[in-house]
Amino acid sequence: MKINDKLKEYIEENIFPEYSKNEPAHNIDHIKYVINRSFKFADTIPNINYDMVYTIASYHDIGHHVNPKIHEIVSAEIMYNDNMLKEFFNDEERKIIKEAIEDHRASSNHEPRNIYGKIVSTADRNNTVEACLRRSYSYNKKLHPEYDDEQIFEDCHFHLNDKFGENGYAKFFFKDEEYEKFLTDIRTLLSDKDKFIETQKNYINDLKAKGKIN
């Protein structure tokens, strides 16, 4: 696997800093997580373009601070309007990248239109309960600043059950043992609402005490 050095330099210097504008659940740590996971799944696909994989993962949440509810559309437009990328990709490749970013969201009502979309969509899913508890709290706190913690924990349980429960909408397009274990663990926790809320509350309070979350 080899990423174009100039492309990597451009994204690291000009795109990565933009993620400081996002809330913690969609910050640069999350982007690097998705990049690494994307490469893992890309390795299973013959003749995959790693520059495209890297670019999709790098831009997929860049517009989250603009409008979280349609961030996949905003992020795709930011990428597509970035004229610097024309130095690295032709029009067809840029169209594929745009579609992949548009299609990455778990709640999308259709499967990704190309293999690159399936890669980033799969890579974008949490694969540990701890990450899920932290990211759902941070996201809901940003989305609902008027909520107290008890309301946030209630909302997290509802939405995570909707997403990862037995009939949840989260889609996965590659076999991954880490994710399968995560699904088992999170579904077990979600099956008991009181236990879920107690677990998330204790975890979040511990992070606050350590100064790792506000």
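**View 1. Who lines the largest pocket in this predicted model.** Sort the lining by residue class and you get nine nonpolar, 10 polar and nine charged residues. The pocket they surround has a volume of about 620 Å³. There are 28 lining residues, and those closest to the pocket's centre are His26, Arg105, Tyr139, Lys163 and Tyr169.

**View 2. Helices at the largest pocket.** Here we look at where the lining comes from. Helix H7 (129–143) and helix H8 (149–164) each put at least two residues into it. H8 provides the largest share, with seven residues.

**View 3. The second largest pocket.** This one holds about 260 Å³ of space. Its lining is made up of Pro24, Ala25, Asn27, Asp29, His30, Tyr33, Asn126, Ala131, Arg134, Arg135 and Ser138. By class, that comes to four nonpolar, four polar and three charged residues.

**View 4. Helices at the second largest pocket.** H2 and H7 chip in with at least two lining residues each. H7 gives the most, four residues. If H7 rings a bell, that's from the largest pocket, where H7 also supplies at least two residues of the lining.

**View 5. A close look at Asn47.** Asn47 sits in the loop that runs between helix H2 (28–42) and helix H3 (50–59). Its backbone is worth a glance: Asn47 isn't a glycine, yet its phi is positive, at about 60 degrees. The residue counts as exposed because its relative accessibility is 80%, and the cut-off for exposed is over 50%.

Definitions and conventions
Residues numbered from 1 in each chain as written. Predicted model: local features only at pLDDT ≥ 70, side-chain atom pairs only at ≥ 80, totals over all residues. Heavy atoms only, no water. Buried < 20%, exposed > 50% of the residue type's maximum accessible area, 1.4 Å probe, protein only. 1 Å grid on protein atoms, 1.4 Å probe; cavity = no way out; pocket = protein on both sides within 12 Å on 5 of 7 lines; lining within 4 Å. Points joined across faces, edges and corners; volume = space filled by probe spheres on them. Nonpolar A, V, L, I, M, F, W, Y, C, P; charged D, E, K, R; others polar.
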